[in-house]
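Please open the model in your viewer and keep the sequence panel beside it. The stops below are meant to be selected one after another, in the order given.

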Amino acid sequence: MKLIKIPEDRYYEYKIQAIFDCYKWDPQFCDSNTLSKHILILTQKENEEIIKLTKSLDTETRLAEEYLNQNRKLAKKLALPKQILEQIPNMQTYDKTQNIRLMRYDFHPSTDNHWVVTEVNSDCPGGFAESSLLPDIARKMINMPELEYHSFGEKMVDTINNKLNKKGTIMMVHCTCFSDDRQVMQYLGDRLEKEGYKIIYGAADHINFKDKKAYCILDNNQESIDLIFRFTPLEWLIQMKPRRWDGYFNTITKSCNHPISIYAQSKRFPFVWEELEKAGICMKTWKTLLPETVEVKDVGKKEGFIYKPVYGRVGERISIKEACKEDEYERILQDVKKHPKQYLAQKNFQSKPLKCEDGKEYHICLGSYTIEGEHAGYYARMSPYPRIDSYAEDIPVLIEK
């Protein structure tokens, strides 16, 4: 694994193409650039190793969530929101052959030369255009067409074609007030339109359910839906008013992702592994790759632990002191003390930074997608600090032949 810098005289061209050709409409967070000037190169051996681990993790995760879906008492240990716990009986009709299961596992290189996996983005992983379009532009910028990449978008389109036989209406459900959510949906929607699908963009409350089937209620698009592609996190969706969101949990309309995704999205997922293994579900790969994770109350005098929110996203509220800005670290500790059930404690592993040609070091998070249990490409981000948060930069991933 190494970093290659895009030539200075070509970076502006690369950024313009990223904005206008790769749906990277707003390549910054606040005043920070979030489009890396580097490219991440994997060796074929690293690629094969990550794919093998990813598939193993995915097998364990899907078996676990199907078991949890039939065992509401055990699922309570995940600290699911009350509204979702109430919906578990409605999810008993979940049919894995009808729905599309999408996940992304976050890999980090460690100083002991092993991979560490910090979480699975089980519910609404993003980064679709960055993983599908940026790599091709990047390899042209460094004039290395022999480097390979896996296009997430093409694999997702193939999967949808297999489910829908290249016909029907797809609703791209997202938080319509956020342009960064829309750009994720717009990329995939535009690509699916080329396959002949009718694409509707809307919010979660633009769907109504009748006889367990989904219907769009937007003006000029009032019709049945053949596939719900959901990019609205479940913990946000259940706050929707009026309360039409119940239908997402027992609909027979095909979904990507079905709400069954909430089980592994909870960072408390490790707290049910012991019971899962007693039920015959092996969690060996997860146990090998995830740092030790315990309840906040069990940290005591243990050293080297950080706090993470149960439903945190994009690195928010993770108490890695050297990565926190201003008084953020103290505010996190105060919130942990006040709401210990909303956090967990995890052993802080030593992230191994990659050094650039100019001597600067960056920490890497390599997101490995799966669609229906198969590896489906990479979405990587890098940061000068060992916390990958909203300030981190998107970096294309290429693979040596």
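Begin with isoleucine 170, which stands opposite leucine 227 in strand 11; strands, like helices, are DSSP runs numbered from the N terminus, with at least two residues (E) for a strand and at least four (H or I) for a helix. This is a predicted model, in which local features need pLDDT of at least 70 and side-chain atom pairs count only at pLDDT 80 or more, while totals for chains, interfaces and linings use all residues. Residues are numbered from 1 along each chain as its sequence is written, and side-chain values use heavy atoms, with hydrogens and water left out.

**The four-stranded sheet**

Widen the selection to residues 169–173, strand 7, and residues 227–230, strand 11, which run parallel and are joined by four bridges; two strands are taken to pair if DSSP finds at least two bridges between them. On strand 7, add strand 8, which pairs with it in the parallel sense over five bridges, and look there for glycine 202, the bridge partner of valine 173. The open sheet that emerges has four strands in the order 8-7-11-12, with parallel pairing. Strand 8 (198–202) and strand 12 (254–256) stand at its edges with a single partner strand each, so one side of each has no neighbour in the sheet. From one strand to the next the twist averages 20°.

Return to strand 7 and colour it by accessibility: five of its five residues are buried, that is, under 20% relative accessible area, where exposed means over 50% and partly exposed lies in between (1.4 Å probe, protein chains only). In a regular strand the side chains alternate between the two faces of the sheet. Here Thr169, Met171 and Val173 are on one side and Ile170 and Met172 on the other, and both faces of strand 7 are covered.

**Two helices across the sheet**

Next select residues 152–164, helix 7, which lies across strands 7, 11 and 12 and runs at about 155° to strand 11; axes are lines fitted to C-alpha atoms, for helices over the stretch in contact, and angles run from 0 to 180 degrees between N-to-C directions. Add residues 179–193, helix 8, which lies across strands 7, 8 and 11 at about 170° to strand 8. The axes of helix 7 and helix 8 come within 11 Å and cross at roughly 55°. Helix 7 is therefore oblique to helix 8, the term for angles outside the classes roughly parallel (under 35 degrees), roughly perpendicular (65 to 115) and roughly antiparallel (over 145). To see where they meet, show Gly153, Glu154, Met156, Val157 and Ile160 in helix 7 with Tyr187, Leu188, Arg191 and Leu192 in helix 8, contact being heavy atoms within 4.5 Å.

**Tyrosine 248, histidine 258 and the cores**

Which residues have the most contacts inside the largest nonpolar core? They are Leu40, Leu80, Tyr248, Tyr263 and Trp286, in a core of 67 residues, where a nonpolar core is a set of buried Ala, Val, Leu, Ile, Met, Phe, Trp, Tyr and Cys residues joined through side-chain atoms within 4.5 Å. Helix 2 (residues 44–68) gives the most to this core, with five residues. A second, separate core of 29 residues includes Leu164, Ile170, Leu192 and Ala376.

Centre the view on tyrosine 248, whose contacts, leaving aside neighbours within four places in sequence, include Val173, Ile228, Arg230 and His258. Histidine 258 itself is found in the loop between strand 12 and helix 11 (262–265) and is buried, with a relative accessible area of 4%. Not counting residues up to four places away in sequence, histidine 258 touches Met91, Tyr94, Asn99, Arg230, Tyr248 and Phe249.

**Helix 6 and its surroundings**

Now select helix 1 (residues 8–21) and helix 6 (residues 134–141), which pack at an angle of about 160° with their axes 11 Å apart, and are therefore roughly antiparallel to each other. Among the residues making the contact are Tyr14 of helix 1 and Ile137 of helix 6. Six of the eight residues of helix 6 are buried, so this helix is largely enclosed by the rest of the structure. Its cover includes helix 1, strand 4 (38–42), helix 5 (128–132) and strand 20 (397–399). Just after helix 6, stop at asparagine 143, which takes a positive phi of about 55°.

**The three-stranded sheet**

Finish at the open sheet of three strands in the order 13-15-14, with antiparallel pairing. Strand 13 and strand 15 (residues 343–347) pair over two bridges, and valine 294 has alanine 345 as its bridge partner in strand 15.
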